[in-house]
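Open the model in your viewer and keep the selection panel at hand. The stops below go from one selection to the next.

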Amino acid sequence: MSLGVHFAIDETMTGRLRAADGDDERVAELIEEIEEGDNHLGKVDTDKAWEAIHRCLTDGELGFDNGEYPLNGAILGGEQFYDGEEYIVSLLTPEQVRDVAAAIGPITREQLRARYDAIDAEDYQDYLGDEDFDYTWSNFADVVAFFQGVAPTGNHVIFTVSQ
């Protein structure tokens, strides 16, 4: 399983990413630049919990278009910028960031647990259970704080997973 990270990026970096759309090699270079440099305005690691978080915020499935907006925007939603197998790169606009922040903020531990318990164990790569849920909740709480911190700034957010 791959590790997920959200980054807040400014309009300049967003423009560079959009200019590279369709050129997977250039997109990968930009993501590496963001990951390894100071070309982001904050980040939150979701480690392997990104998959469970996405499933909890959508319909329990792992896909780019499943679930309903804005909850489905938190992990895999938005514009997709990479067609290869090495990365997932999803971009949210500042408006989408605000929508996601408002939608995920009120979700309680109990609500997330109910959604977590609805995940099909046969379709999930990890073992569903209390320990995995605690790990998912902890990472989800970090994602909520991240989105709520970025929302008022007017910055974009990208979510990346390196395969």
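A residue is called buried under 20% relative accessible area, exposed over 50%, and partly exposed in between, with a 1.4 Å probe and protein chains only. This is a predicted model, in which local features need pLDDT of at least 70 and side-chain atom pairs count only at pLDDT 80 or more, while totals for chains, interfaces and linings use all residues. Residues are numbered from 1 along each chain as its sequence is written, and side-chain values use heavy atoms, leaving out hydrogens and water.

**Stop 1: the sheet**

Show the cartoon. Helices (H or I, at least four residues) and strands (E, at least two) are DSSP runs numbered from the N terminus. Two strands count as paired if DSSP finds at least two bridges between them. Five strands make up an open sheet with antiparallel pairing, in the order β2-β1-β5-β4-β3. Its edge strands, each paired on one side only, are β2 (43-47) and β3 (79-80).

Select β3 together with strand β4 (residues 87-92): two bridges link them in the antiparallel sense. E79 faces L91 of β4 here.

Now go to the other edge strand and pick D47, which has its place in strand β2. Its phi is near 50 degrees, a positive value in a residue other than glycine. D47 is partly exposed, at a relative accessible area of 30%.

**Stop 2: salt bridges**

A salt bridge here means a side-chain nitrogen of Lys or Arg within 4 Å of a carboxyl oxygen of Asp or Glu. The structure holds eight of these salt bridges.

Return to E79 and add R18: they form a salt bridge whose closest N and O atoms are 2.6 Å apart. Because E79 lies in strand β3 and R18 in helix α1 (residues 11-19), this pair ties together parts that are 61 residues apart in sequence. E79 is partly exposed, with 33% relative accessible area, and R18 is also partly exposed, at 34%.

Next select D134 and R109, a salt bridge with its closest N and O atoms 2.5 Å apart. D134 belongs to helix α6 and R109 to helix α5, so parts 25 residues apart in sequence are tied together. D134 is partly exposed at 38% relative accessible area, and R109 is partly exposed at 33%. Keep the salt bridges on display and select E51, R55 and D123, which are joined into one network by salt bridges that share partners.

Within that selection, look at E51 and R55. Their closest N and O atoms are 2.8 Å apart in a salt bridge. Both residues lie in helix α3 (residues 50-57), four residues apart, or about one turn of the helix. Are E51 and R55 buried or exposed? E51 is buried at 1% relative accessibility, and R55 is buried at 3%.

**Stop 3: a cis peptide bond**

Select Y69 and P70. The peptide bond joining them is cis, with omega about 10 degrees. P70 sits in the loop between α3 and β3.

**Stop 4: a charged patch**

Turn on the surface and select D59, E61, D120 and E122, which gather there in a patch of negative charge. Such patches are made of residues with over 30% relative accessible area and no salt bridge, where like charges are joined within 9 Å, and nonpolar side chains (Val, Leu, Ile, Met, Phe, Trp, Tyr) within 5 Å. Asp and Glu count as negative, Lys and Arg as positive, and His and the chain ends are not counted. Finish on E122, in the loop between α5 (109-117) and α6 (130-150). E122 is exposed, at 79% relative accessibility.

Notes
Accessible areas come from the Shrake-Rupley method with a 1.4 Å probe; for residues, only the protein chains shown count as cover. The place of a charge is taken as NZ of Lys, CZ of Arg, CG of Asp or CD of Glu.
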